[in-house]
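Thanks for coming. I have one structure to show today, and I will go through it piece by piece. Please look at the picture first.

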Amino acid sequence: MQVIIYGRDHCASCDKTKLLCQMKSIAFQYHSVGSDISVDELRSKVGQRATSLPQIFLAEGDTIRYVGGYDDLRSTLQRMH
């Protein structure tokens with residue numbers, strides 16, 4: 001399992017997401033919106049208007065699914081363990 005995070009610098013929720021992954025020893029990829037990926041590209045990946053950051057996906061094997069934001073990831077991880 002790997003977490004894919006789309007966020008930006010100086011974003012408290014983005015930093016909390018990375019810290020949560022580190023604390024739970026979950027591998028993650030971090031992509032900076034505006035430099036690694038454009039807002040339009042992110043919107044296309046999410047499939048809806050992304051109004052806040054981070055936008056988080058969960059990759060398991062060949063499957064990548066949209067999770068949502070920090071609170072959604074935390075809830076998802078709690079249900080998995």
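**The order of the elements**

Starting at the N terminus, the elements of the protein chain follow the order β-α-β-α-β-β-α. In total that gives three helices and four strands. Please keep in mind that this is a predicted model.

Now the overall dimensions. The C-alpha trace spans about 35 × 30 × 20 Å along its principal axes. For 81 residues, a compact globule would have a radius of gyration near 12 Å, and the protein chain has 12 Å, so the two agree. Of the 81 residues, 36% count as buried. The accessible surface of the protein chain is about 5000 Å², and carbon and sulfur atoms hold 43% of that.

One more figure for the whole chain concerns contacts. Taking contacts with a separation of 6 or more, 54% are between residues 24 or more positions apart.

**The cores**

In soluble globular proteins, nonpolar side chains tend to be buried together. Which residues make up the largest nonpolar core here? There are 11 of them: V3, I5, L20, C21, I26, I56, L58, V67, Y70, L73 and L77. At least two residues of this core come from each of β1 (2–7), α1 (12–23), β3 (55–60) and α3 (70–80). The largest share, three residues, is supplied by α3.

Take I26 as one member of this core. Leaving out residues up to four places away in sequence, I26 touches M1, V3, C21 and L77.

There is also a second, separate core of eight residues, and V33, L42, V46 and F57 are among them. I will pick out V33. Its place is the loop between β2 (27–32) and α2 (39–46). V33 has a relative accessible area of 16%, and the cut-off for buried is under 20%, so V33 counts as buried. Apart from neighbours within four places in sequence, V33 is in contact with Y6, G7, V39, L42 and L53. G7 is 26 residues from V33 in sequence, yet their C-alpha atoms are 5.6 Å apart in space.

**Helix α3**

Back to α3, the helix with the largest share of the first core. Which residues of α3 are buried? They are Y70, L73, T76 and L77. These residues cover an arc of only 125° around the axis, so they are on the same side of α3. For the first-years, the background is this. An α-helix has 3.6 residues a turn, so residues three or four places apart point the same way.

What do the buried residues of α3 pack against? The answer is β1, α1, β3 and β4 (63–68). On the other side of α3, Q78 and R79 are exposed.

M80 is also in α3. Is M80 buried or partly exposed? Its relative accessible area is 36%, so M80 counts as partly exposed. Not counting residues up to four places away in sequence, M80 touches M1, L58 and E60.

**A threonine in α1**

Next is T17, which is found in helix α1. T17 has a relative accessible area of 0%, so it is buried. Setting aside residues up to four places away in sequence, T17 touches I5, P54, I56, Y70 and L73. Among these contacts, I5, I56, Y70 and L73 are also listed in the largest nonpolar core.

**The cysteines**

Last, the cysteines. A disulfide is a covalent bond between the sulfur atoms of two cysteines. How many disulfides does the count come to? It comes to one. C11 and C14 form it, with their sulfur atoms 2.5 Å apart. The link of C11 and C14 is right-handed, with 70° about the S-S bond.

Both partners are under cover. C11 has 5% relative accessibility, so it counts as buried. C14 has 0%, so it counts as buried too.

C21 is in no disulfide, and the nearest cysteine sulfur, that of C14, is 12 Å away. C21 is buried as well, because its relative accessible area is 0%. We have met C21 before, as a member of the largest nonpolar core and as one of the residues that I26 touches.

That is the end of the tour.

Note on methods: Residues numbered from 1 in each chain as written. Predicted model: local features only at pLDDT ≥ 70, side-chain atom pairs only at ≥ 80, totals over all residues. Heavy atoms only, no water. Core = buried A, V, L, I, M, F, W, Y, C linked by side-chain atoms within 4.5 Å. Buried < 20%, exposed > 50% of the residue type's maximum accessible area, 1.4 Å probe, protein only. Contact = heavy atoms within 4.5 Å. Disulfide = S-S within 2.5 Å. Rg over C-alpha atoms; globule rule 2.2 N^0.38 Å. Areas by Shrake-Rupley, 256 points an atom, 1.4 Å probe, with all protein chains shown as cover. Arc of directions from axis to C-beta.
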